[in-house]
Amino acid sequence: MRVLVAGWFSFDEVIATVGDELGADTVTRWLTDAGVDHDLAEAPYLGSGVNWRDVDPADYTHLLFVSGPLSGSPLLRELCETFAGSRRWAVNVSVVSEAGRALFDEVWARDADGAARPDLAVEGPTPSAPVVAVAFTPAQGEYGDRTQADRVRGAIEEWLATRALPWFELSMDLFEKPHRRRPVQVEALIRRADVVVSMRLHALVLGVKHDRPVIACDPIAGGAKVTAQAGALGWPVVLPAEEVTGEALDAALEHCLSGQLAGPLRAARARGREADARAREWLTAQLGR
């Protein structure tokens with residue numbers, strides 16, 4: 001027996017979902033546990049697995065289609081016709097038409113004819129990875145040709161993707177059509193991150209405020225306000241624009257997760273409180289003149 005595991009993630013013509021891949025992960029884990037030889041068919045744009053259009057269908061005794069709708073889609077018909085000599089099974093699928101069901105010899109539906117079963121994505125191990133909050137900045141014209149914001153952003157985005165890090169973007173703008181954004185929204189998000197990666201001064205400051213280690217990435221060649229603010233706070237994890245690479249970000253992330261930055265975080269917050277007090281005294285003195 002040799003099984004080709006396929007799904008909507010097998011087609012270049014469509015974009016499948018994370019849930020589809022999780023269903024396939026569950027099924028391939030079952031096949032591995034059972035000692036069944038198998039391959040996973042993935043679309044070439046995903047960069048892994050095999051391309052079902054390139055393999056020899058005669059090499060497989062079974063085609064196992066996982067997750068998503070079963071319909072009379074031309075793509076699904078092409079797949080099943082290619083593997084007409086194999087037993088064709090479908091598991092964890094929504095049967096939306098009898099034409100789709102008829103393409104397979106056996107079907108285990110998650111929903112069909114008014115009945116429903118839990119999706120296979122509910123199964124499987126719980127991943128463990130740091131959640132990263134990222135604050136990008138656009139090119140800042142006031143710095144002229146010193147700005148490297150686009151290159152720094154590109155390096156960060158490539159790093160997040162190639163390391164498969166879970167992340168979300170922190171938008172620091174007060175208004176995003178058609179709604180106002182309030183500081184409490186941004187600060188609450190920061191508190192739910194494990195690490196902050198910031199090209200912005202205020203995301204650095206708020207990360208420190210909320211006891212989150214920050215990888216400060218200055219987008220300006222030679223350093224500007226991000227580097228200056230890190231210096232004012234005594235914050236040690238700063239990458240100059242010229243040094244923002246995947247390898248440098250790896251090292252910075254490891255440092256942030258090492259547990260060695262609790263002291264610098266406390267010290268940075270203390271510096272901030274002292275600066276606030278001095279600024280308040282200054283303003284009070286000005287008002288009293």
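Which residue of S8 does Ala 133 stand opposite? In this predicted model, the residue is Phe 168, and the pair offers a handy way into a chain that holds nine helices and 13 strands.

Consider first the overall form. The C-alpha trace spans about 90 × 40 × 35 Å along its principal axes. The radius of gyration is 26 Å, whereas the globule rule gives 19 Å for 289 residues; the former is well over the latter, so the chain is more spread out than a compact globule. Of the 289 residues, 40% count as buried. Among contacts with a separation of 6 or more, 65% are accounted for by residues 24 or more positions apart.

The sheet that contains Ala 133 is open and has five strands, ordered S8-S7-S11-S12-S13, with parallel pairing. Its edges are formed by strand S8 (167-169) and strand S13 (238-239), each of which pairs on one side only. Strand S7 (residues 132-135) runs parallel to S8, and three bridges join the two. On the S11 side, S7 is again in a parallel arrangement, here with four bridges, and Ala 133 has Val 196 as its bridge partner in S11. Ala 133 is thus matched with Phe 168 in S8 and with Val 196 in S11.

Strand S11 deserves a closer look. How are its two faces covered? Val 195 and Val 197 lie on one side, Val 196 and Ser 198 on the other, and all four are buried. The pairing continues from S11 to S12 in the parallel sense over three bridges, with Ser 198 opposite Ala 216 of S12. Helix H8 (residues 246-257) lies across strand S11 (195-198), strand S12 (214-217) and S13, and runs at about 150 degrees to S12.

A second open sheet is made of six strands in the order S2-S1-S3-S4-S5-S6, and here the pairing is mixed. Strand S2 (37-40) and strand S6 (115-116) each have a single partner strand, so one side of each, at the edge of the sheet, is left without a neighbour. Within this sheet, strand S1 (residues 2-6) pairs with strand S3 (residues 62-70) over four bridges in the parallel sense. Leu 4 has Leu 63 as its bridge partner in S3. Two helices pack on the sheet, and their contacts can be taken in turn. Helix H1 (residues 18-33) touches S1, S2, S3 and strand S4 (87-95), with a direction at about 150 degrees to that of S3. Helix H2 (residues 74-82) touches S1, S3 and S4, and its direction makes about 170 degrees with that of S3.

Helix-to-helix packing is illustrated by helix H7 (residues 225-233) and helix H9 (residues 262-287), whose axes are 8 Å apart and meet at an angle of about 95 degrees. An angle of this kind makes H7 roughly perpendicular to H9. On the H7 side, the contact is made by Gly 231, Ala 232 and Leu 233, while H9 contributes Ala 268, Arg 271 and Gly 272. By class, the residues of this contact divide into three nonpolar, two polar and one charged.

Definitions and conventions: Residues are numbered from 1 along each chain as its sequence is written. This is a predicted model: local features need pLDDT of at least 70, side-chain atom pairs count only at pLDDT 80 or more; totals for chains, interfaces and linings use all residues. Side-chain values use heavy atoms; hydrogens and water are left out. Two strands pair if DSSP finds at least two bridges between them. Contact means heavy atoms within 4.5 Å. Axes are lines fitted to C-alpha atoms, for helices over the stretch in contact, and angles run from 0 to 180 degrees between N-to-C directions. Angles under 35 degrees count as roughly parallel, over 145 as roughly antiparallel, 65 to 115 as roughly perpendicular and the rest as oblique. Ala, Val, Leu, Ile, Met, Phe, Trp, Tyr, Cys and Pro count as nonpolar, Asp, Glu, Lys and Arg as charged, and the others, Gly among them, as polar. The radius of gyration is taken over C-alpha atoms; the globule rule is 2.2 Å times the number of residues to the power 0.38. Buried means under 20% relative accessible area, exposed over 50%, partly exposed in between (1.4 Å probe, protein chains only).
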